[in-house]
Amino acid sequence: MITLSRSQLVGAEILDNDTIRLNGIQEDHIYGMEIQMDVRISDGVILTIQGWMKRYTNYVCPKAVDRLQNAVGMCLREEGWESKVMREIGRKGCQHFAEILIECGRCIDQARMTRDLAEALKEDPALDQQEFTRQWVESHPDLRGTCLARQ
């Protein structure tokens, strides 16, 4: 029997009040790739991006690293952003890079909420975190229809 196990890991670091650095890694027995991108929190625009290929299948793959620069300036808040990433990064460069970039983009809101929760806990260590989360999601109408808005 043939099996495949693929892992994706996304980490986020708040660099300043309006910039988040996202690191995404995708690993399986064939591919090993990573991206790091800085995104402006207020509007979701990609400011910088870098990529690395540790394992790949053919000599053309590493050429997709340069294609990642087409993502600079993309807005991860506009409608259809995932399709745009697949078209501009996936089809014209590397589908795996596009998948990692999309997973990173999906983590921006969780990172924003985590940043705000950490600040609130500094002020009130006994804060009801579940209630904070509910109120936070309600106060961000841009999250309607996302998994964060579901109870």
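Biologist: Which strands does α4 lie across, and at about what angle does α4 run to β1?

Modeller: This is a predicted model. In this model α4 lies across β1, β2 and β3, and runs at about 45° to β1.

Biologist: What is the strand order of the sheet, and with what pairing?

Modeller: Strands of a sheet pair through backbone hydrogen bonds, either parallel or antiparallel. Here four strands form an open sheet in the order β1-β2-β3-β4, with antiparallel pairing. The edge strands are β1 (7–16) and β4, each of which pairs on one side only. From one strand to the next, the twist averages 10°. Helix α3 (residues 95–106) packs on this sheet and touches β1, β2, β3 and β4, with its direction at about 40° to that of β3.

Biologist: How many bridges hold β2 and β3 together?

Modeller: Nine bridges pair β2 (residues 19–27) with β3 (residues 32–40) in the antiparallel sense. To follow the register, take G24, which stands opposite I35 in β3, and I20, whose bridge partner is V39. The hairpin that joins β2 to β3 passes through four residues.

Biologist: How many bridges join β3 to β4?

Modeller: Eight bridges join β3 to β4 (residues 46–55), and the two run antiparallel. One pair to look for is Q36 with its bridge partner Q50 in β4. The hairpin of β3 and β4 has five residues between the strands, and G44 in that hairpin takes a positive phi near 75°.

Biologist: Turning to the helices, is R115 buried or exposed?

Modeller: The cut-off for buried is under 20% relative accessible area. R115 has 18% relative accessibility, so R115 counts as buried. R115 is placed in helix α4, and its side chain makes a polar contact of 3.0 Å with that of D116. Leaving aside neighbours within four places in sequence, the contacts of R115 are I14, N17 and I41.

Biologist: Which residues of α5 are buried?

Modeller: In α5 (residues 129–138) the buried residues are F132, W136 and V137. Viewed down the axis of α5, these residues fall within an arc of 125°, so they line one face of the helix. That buried set packs against α4 (108–123).

Biologist: Which exposed residues does the face of α5 turned away from its buried side carry?

Modeller: Q130 and E138 are the exposed residues on that face. Q130 also figures at the start of α5, where a side-chain oxygen of D128 comes to within 3.1 Å of the backbone nitrogen of Q130.

Definitions and conventions: Residues are numbered from 1 along each chain as its sequence is written. This is a predicted model: local features need pLDDT of at least 70, side-chain atom pairs count only at pLDDT 80 or more; totals for chains, interfaces and linings use all residues. Side-chain values use heavy atoms; hydrogens and water are left out. Buried means under 20% relative accessible area, exposed over 50%, partly exposed in between (1.4 Å probe, protein chains only). The arc is that of the directions from the helix axis to the C-beta atoms. Contact means heavy atoms within 4.5 Å. A polar contact is a pair of N or O atoms within 3.5 Å; within protein, one must be able to donate a hydrogen and the other to accept it, and residues adjacent in sequence count only if both atoms are side-chain atoms. Two strands pair if DSSP finds at least two bridges between them. Axes are lines fitted to C-alpha atoms, for helices over the stretch in contact, and angles run from 0 to 180 degrees between N-to-C directions.
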